[in-house]
Each structure stands twice: as C-alpha cells, then as structure tokens.
Amino acid sequence: MEASHSSNDVLFILLGAIMVLAMHAGFAFLELGTVRKKNQVNALVKILSDFAVSTLAYFFVGYGIAYGVHFFSGAQVLVERSGYELTRFFFLLTFAAAIPAIISGGIAERARFQPQLAATFLLVGFVYPLFEGIAWNQAFGIQAWLKASFGAEFHDFAGSVVVHAMGGWIALPAVLLLGARRGRYSRSGAIAAHPPSSIPFLALGAWILIVGWFGFNVMSAQKLDSISGLVAINSLMAMVGGTVAALAAGRNDPGFVHNGPLAGLVAVCAGSDVMHPLGALVVGAVAGALFVLMFTLTQNRWKIDDVLGVWPLHGLCGAWGGLATGVFGSAALGGLGGVAFLPQLIMTALGIAVALVGGGLVYGALKAVVGLRLEQEDEFNGADLSIHRISATPERESNW
C-alpha cells in the first residue's frame, strides 16, 4: 500500500510538472506575439535557454537553499518513495524557471543574451530560493513568528507572491536599468506605438498559459490525497473575472483581453484553496482591471517601457493576490479561514523587498561589469539578426 501511495503521488506531481512545463511555451508565444517581428526568434530562444539554465541553477544550488535537499547521493537513495523527491524537484523547478520567463517579457527587444543567462542563474540559484524557503519551508523561523504573533502563517498556496510577485518585482529594476527601447519616447513627449506583431501568436500563448495554470494551481497540493476541486473552480472563476474586467476596462483591445485572464490567475494562486468561488471571481476581476489601469499608466504616463507589462501583471496582481487571500480567504467572507491579513501584508512586503534588492544587485552588477543592452545598431536591426543571425520570416533565400 505504501509503495502504491508513493507511486500515485509521483504520477500526480509529475503530471503537474508537465503541465507547468507546457506553460513555458505559453510564455514564449505570448512574448513572440507581442514583440516586433525582428525580435520573434529571440523571444523563443530566450525562454528555452532560460529554462535550461534555470534547471542547472536550481538543481545544483537553488533547491538546496530552499529545502535543504541535494541530489548528490547514489541513485539507490534517489529512487526512495518511487523517486518522489525527484519529481517534486521537477515540479518546483517549473515554478522557479517562471522567474526569468516573466522577466524576459519586460526586457524584450533590447537586452543582451549572455548577460540575461547569467542573471537567470543568479536569480534562480540564489535570490528566488531565499524567499521560497522562507514562505514554503519555514526558513529563518519567520512563519513560526507570524503564527505566534497573529494566529496564522503567511498563506500562498500556489505562488501569487512567491513566484509571480517575485518575478514581476525583480523585473522592475531590470527594466529601469535597461531604459526604454530606442524611439519609444521622444523628447517632445510623443510616444511611438509598437503594436503586437501577431495577435494570433499572442492569443496562443495566453491560451497555453491558461490551460497549464490548472496544473500550476491544482497540483500545488503536491500529493494526491490533498487535491481539491475548490482550487480548480476558483482558478476558473478568477480567470473569467479577469477576462471580463479587462474586456470592459480595455475597451475590447485584444492585448488586454488575453492578458486579463492571466492577471486573474496570477492573483488567485495564493488563496485558491481557501476562497469561495465568488470571492475568487472578485479577486480575478480586480486583477484584470488593475492590469489594464497600471499597464496604461506605466507605458503612457510614467514612460516605463515594460514591453509585456510584467510588473503590472505579475508584480502588482501577484501582490494583490497575496493581500486578497487574507481577506477573501476568511470565514467571514465564505472562505475556509485559517488566514489573517497582517501575515499576508508582512510577507508580501518582504517578498517585494527581496525581489527589488536581489534584482537590483544582480542587474546592477551585470550592467556595471559587462553591460545589459544591445548596441544601438544591433537594437535597430533587431535581436534576431544581431544575436541569432536569422529572422523569423526570411524575405528571400540566402546566397550561398
């Protein structure tokens, strides 16, 4: 019975890892459809390369920092409990690798390739696991202190703060240090529009992410005995709420419509296991409207050239999800309870602080030592030709 139980858990979490792995294709196509055609190849290569570097960083360094588990034993030790710890690593790796995938959308079209891979290794190996261990593995006794002080620990079931807010807030200093794409904002105050290169690819990316997100959230139970249909329905309701709110606030703009469900799903991750479905609907709707409002402000008024809007989408909506869990997860609003607002506020603020300091140090150091940005001519020609020596849609055959 014990062996059968372990095997079931391995299959359960493995399926979740595969679903979240597929989400990285969603990140790739969402970026591909949003950037200009001269940067489409770079979007695809970045996401896959970042995932590979993330795997190495998390396997050799990050997972050990977060959970104190290392894989330097013999295979006969690693296969204990049907290799559950290995598949758990795979599942949590797909979360960790979302950090550079999120950042990639913010720094698109003007970032150098190798420095970003170096940043990926440092962030996934050291910065992200530091907060992950605090939130999900009782590191430094912070969760125990919150429990003793406020009667509840910080609750983040599937990573609104641990993954999404961290990724979005790490991206913010990277975007600011890089500066806007050349020609985006003129000295006269004019703004050059860079419309999406492919709405179909953008929509494909959004749909892949939406489908994979049900693995992201539901399989965060990590064991078959802990699975809850409430998580699935709350994810659905938040996705729908985000879509409808973005449709209305964005005035039918397809870019907003396809990012709205993602905003809702980002926000519901933390409390998807404790909220009432009506609460999840509200949380998702607020996130969808928040994304439209803050994307517009950052791009047009504050002139922060965050290409895919990853700071509003992941940073702000993730933080909103962390805070909303302390409200809509309470029994008074139909939730299951066991949560409190102050622990959510304190840990969300701590996550943002770790992200800003870690992201600022990593990208600041790389900018000072090797530089982050493409040369002006390379940026004008596009990252595809400058870095990868091929375009997504060659106009003619090469002369051999």
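Welcome to this protein, which has 16 helices and zero strands; helices (H or I, at least four residues) and strands (E, at least two) are DSSP runs, numbered from the N terminus. With a radius of gyration of 21 Å, close to the 21 Å that the globule rule gives for 400 residues, the protein is as compact as a globular protein of that length. That radius is taken over C-alpha atoms, and the globule rule is 2.2 Å times the number of residues to the power 0.38.

The model is predicted: local features need pLDDT of at least 70 and side-chain atom pairs count only at pLDDT 80 or more, while totals for chains, interfaces and linings use all residues. Residues are numbered from 1 along each chain as its sequence is written, and side-chain values use heavy atoms, with hydrogens and water left out.

**The overall fold**

The C-alpha trace spans about 65 × 50 × 35 Å along its principal axes. Of the 400 residues, 56% count as buried; buried means under 20% relative accessible area, exposed over 50%, and partly exposed in between (1.4 Å probe, protein chains only). Residues 24 or more positions apart account for 79% of the contacts with a separation of 6 or more, a contact being heavy atoms within 4.5 Å.

**Aromatic rings**

The structure holds 20 aromatic pairs. Rings of Phe, Tyr and Trp (its six-membered ring) pair if their centres lie within 6.5 Å; planes under 30 degrees apart count as stacked, over 60 as edge-to-face and the rest as tilted. Here are two of the pairs.

| Pair | Centre to centre | Angle between planes | Type |
|---|---|---|---|
| Tyr58 and Tyr63 | 5.6 Å | 70 degrees | edge-to-face |
| Phe71 and Phe89 | 5.3 Å | 65 degrees | edge-to-face |

The pair of Phe71 and Phe89 links distant parts of the chain, 18 residues apart: Phe71 sits in the loop between helix H2 (40–67) and helix H3 (75–78), and Phe89 in helix H4 (residues 84–96). Both Phe71 and Phe89 are buried, and Tyr58 and Tyr63 are buried too. These four rings belong to one aromatic cluster that includes Phe59, Phe60, Tyr67 and Phe72.

**A nonpolar patch**

On the surface, Trp145, Phe150, Val327, Leu333, Phe341, Leu342, Leu345 and Ile346 make a nonpolar patch of about 660 Å². Patches are made of residues with over 30% relative accessible area and no salt bridge (like charges joined within 9 Å, nonpolar side chains, namely Val, Leu, Ile, Met, Phe, Trp and Tyr, within 5 Å). A salt bridge is a side-chain nitrogen of Lys or Arg within 4 Å of a carboxyl oxygen of Asp or Glu. Areas come from the Shrake-Rupley method with a 1.4 Å probe; for residues, only the protein chains shown count as cover. H14 gives the most to this patch, with four residues. Phe341 lies in helix H14 and is partly exposed, with a relative accessible area of 37%.
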